[in-house]
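The exercises below are to be worked through with the sequence and the coordinates side by side. Each task is followed by a solution that proceeds step by step.

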Amino acid sequence: MVAHLIRLKLVLLRNGLRRSVGQLVGLIVASLYGLGILLLAVTGLIVLRAVDPQIAETVAVLGGSALLVGWGLTPILLSGVDLTLDPARFAPFPIPLPRLLAGQAIAGLIGVPGVCTTIALAATLVTWSRGPGVFAVAVLGALLALGLCVVVSRLVASALTDLASSRRFREASRIVVMVPLVLLGPIIALAARGIEMNAAALRSLAGVLSWTPLGAAFSAPAAAAEGDALGALAKLVIAAASLSLAAWGWSRALARALVTPASRASSGGRATARRGIGAFGWMPATPWGAIAARSLTYWIRDPRYAAALIIVPLLPVILYFSSVQRHNSEMFLLSGPLAAFMLAWSLASDISYDSTAFALHLSAGVRGSDDRRGRALALLTFAVPAAVVITLVPFLVSGRWALLPAYLGLVFGVLLSGVGLASVVSSRFVVAVPLPGESPFKRPPGNTAQTILVQLGGLVALGILVLPEIVLVALATGTGAGFGWAALLVGLVLGATLALLGMWLGGKLLDRRGPEVYAALTKAG
């Protein structure tokens, strides 16, 4: 049975690569990326052979703990990507639980992460080849660490079977994984600075982790190399006990997943609580109010919108580290204007996200002006406070309050003028976006060249529209606060005027081109 499960994993992997060019390309890219990281890891582990055991222990424990955490988080962040070991798929078959556990554990090593982890742990044997006893402890530690990686991953996957059956959970987890990817640059810079300035703190952290399930298996060879046989034995016992406990938990979670269907477990026999009508209860009882309520509901519940704006709240962090590295404090102050642009320009793809459901607007005879005003109101409901808060962050850090009015004027100008411009653009162009129900990170087919040109054209056009605010901000920076208050006034007045004008023009254009817009949406779907 174990061999059959392994062959099944290999066959499914082979057939998936034959059927989908995208999966083949993804596997090639993942393999190249994994090989690059693996090369660095193996090289570093070989170099650690010649350094002091305490330094080697610090690096091995911190790196090994991160590796184990990564294996545990993978089923959460990538749920639904690889269903070949999904416990729910084995529920109809009377497979003995011990054999299923062994088969899933070995099959879990088949793939880029499993192969790279196995090779990296084998390279730790070179690090600790400092005598027969140390080498033997290193072999046991590597085997226990490999077992922990696989078993913890399978434990989490089995425990989350109910949640993984929910599309909302899968999409939310994929959005969450974007946060560390977006912040990868600042994280690397902070880690490098921490390694340089806080080596003692890192050694202390490694010392604590070495007595936990995360780092015990990686620290045992170091204890043996330092002559602490009792300490090495104790850490091996901690690792073995952790593996046994994780395997027991996995067997219980897998047994439950095999006998309890996901839909039944998730419902639990309880009736769904009534939630009311949401934004429809407090928006105006007008056509544009109904559209605003519907659009606001989509902004809250549709993960495609969240994926498009995930970088917005992270802009102050990214620009702060960029300004520190480049010694340019003005870059940090641009957090608000950039966030305002991204929020406003997201309205340009709002109709595209509707897809063929836009037919409801046409069949109901909704006026273009009501459509434009409703969508703009839904966006501004949360975009205005979000842009103001993000604008305040750099001034709270830097204390340059004299420039706050100028940058607030620029933010309001960009946001309001951008809403007007996006109202016109989205009435004329349909951009390629993921369809409703698809992954928010799917790359949809479509006219990519047109989408890029629309984005670039919108950026240039918006720059021209907010040129007065940009000039006043430059004058306020160079001379005094008087120009800052002028920038705030111009941003509010000119921005509001352009927003209303854009809604009016976009509405007229949508009244005239509604069928053509729907035809383009149908073609894109």
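**Exercise 1.** Does Thr286 count as buried, partly exposed or exposed, and at what relative accessibility?

*Solution.* Before any value is read, note that this is a predicted model, in which local features need pLDDT of at least 70, side-chain atom pairs count only at pLDDT 80 or more, and totals for chains, interfaces and linings use all residues. Residues are numbered from 1 along each chain as its sequence is written, and side-chain values use heavy atoms, with hydrogens and water left out. The classes are set by relative accessible area, where buried means under 20%, exposed means over 50%, and partly exposed lies in between (1.4 Å probe, protein chains only). Thr286 has 27% relative accessibility and therefore counts as partly exposed. Its place is the loop between helix H13 (262-267) and H14, where helices (H or I, at least four residues) and strands (E, at least two) are DSSP runs numbered from the N terminus. The C-alpha atom of Thr286 is separated by 8.8 Å from that of Asp370, although the two residues are 84 apart along the chain.

**Exercise 2.** Describe the overall make-up of the protein in terms of helices, strands, burial and contacts.

*Solution.* The protein has 25 helices and 0 strands. Of its 525 residues, 43% count as buried. For contacts, meaning heavy atoms within 4.5 Å, consider those between residues at least 6 apart in sequence: 79% of them join residues at least 24 apart.

**Exercise 3.** Characterise helix H14, which follows the loop of Thr286, by its span, its buried residues and its packing partners.

*Solution.* Helix H14 covers residues 287-301, a run of 15 residues, and reaches 21 Å from its first C-alpha to its last. That is close to the expected 21 Å, the expected span being 1.5 Å times one less than the number of residues. The buried residues of H14 are Gly289, Ile291, Ala292, Ala293, Arg294, Ser295, Leu296 and Trp299. These buried residues pack against helix H15 (303-308), H19, helix H20 (359-363) and H21.

**Exercise 4.** Which residues do salt bridges that share partners join into one network with Arg375?

*Solution.* A salt bridge is a side-chain nitrogen of Lys or Arg within 4 Å of a carboxyl oxygen of Asp or Glu, and a search of the whole structure finds 8 of them. Begin with Asp354 and Arg375, whose closest N and O atoms are 2.5 Å apart. Asp354 lies in helix H19 (residues 350-354) and Arg375 in helix H21 (residues 368-398), so the pair ties together parts that are 21 residues apart in sequence. Both Asp354 and Arg375 are buried. Next, the side chains of Arg375 and Asp371 meet in a salt bridge at 2.9 Å, N to O. Arg375 and Asp371 are 4 residues apart in helix H21, and are therefore separated by about one helical turn. Asp371 is buried, as is Arg375. Through shared partners, salt bridges join Arg294, Asp350, Asp354, Asp371, Arg372 and Arg375 into one network.

Just after H19, Ser355 lies in the loop between H19 and H20. Its phi is near 55°, a positive value in a residue other than glycine, and at 7% relative accessibility Ser355 counts as buried.

**Exercise 5.** Which parts of the chain does the salt bridge between Lys235 and Glu57 tie together, and what surrounds Ala239 in helix H12?

*Solution.* The side chains of Lys235 and Glu57 meet in a salt bridge of 3.6 Å, N to O. Lys235 lies in helix H12 (residues 229-259) and Glu57 in helix H3 (residues 53-77), so the pair ties together parts that are 178 residues apart in sequence. Both Lys235 and Glu57 are buried.

Ala239 also lies in helix H12 and is buried, with a relative accessible area of 0%. Leaving aside neighbours within four places in sequence, Ala239 is in contact with Leu144, Leu148, Ala216 and Ala217. The C-alpha atoms of Ala239 and Ala217, which are 22 residues apart along the chain, are separated by 5.4 Å.
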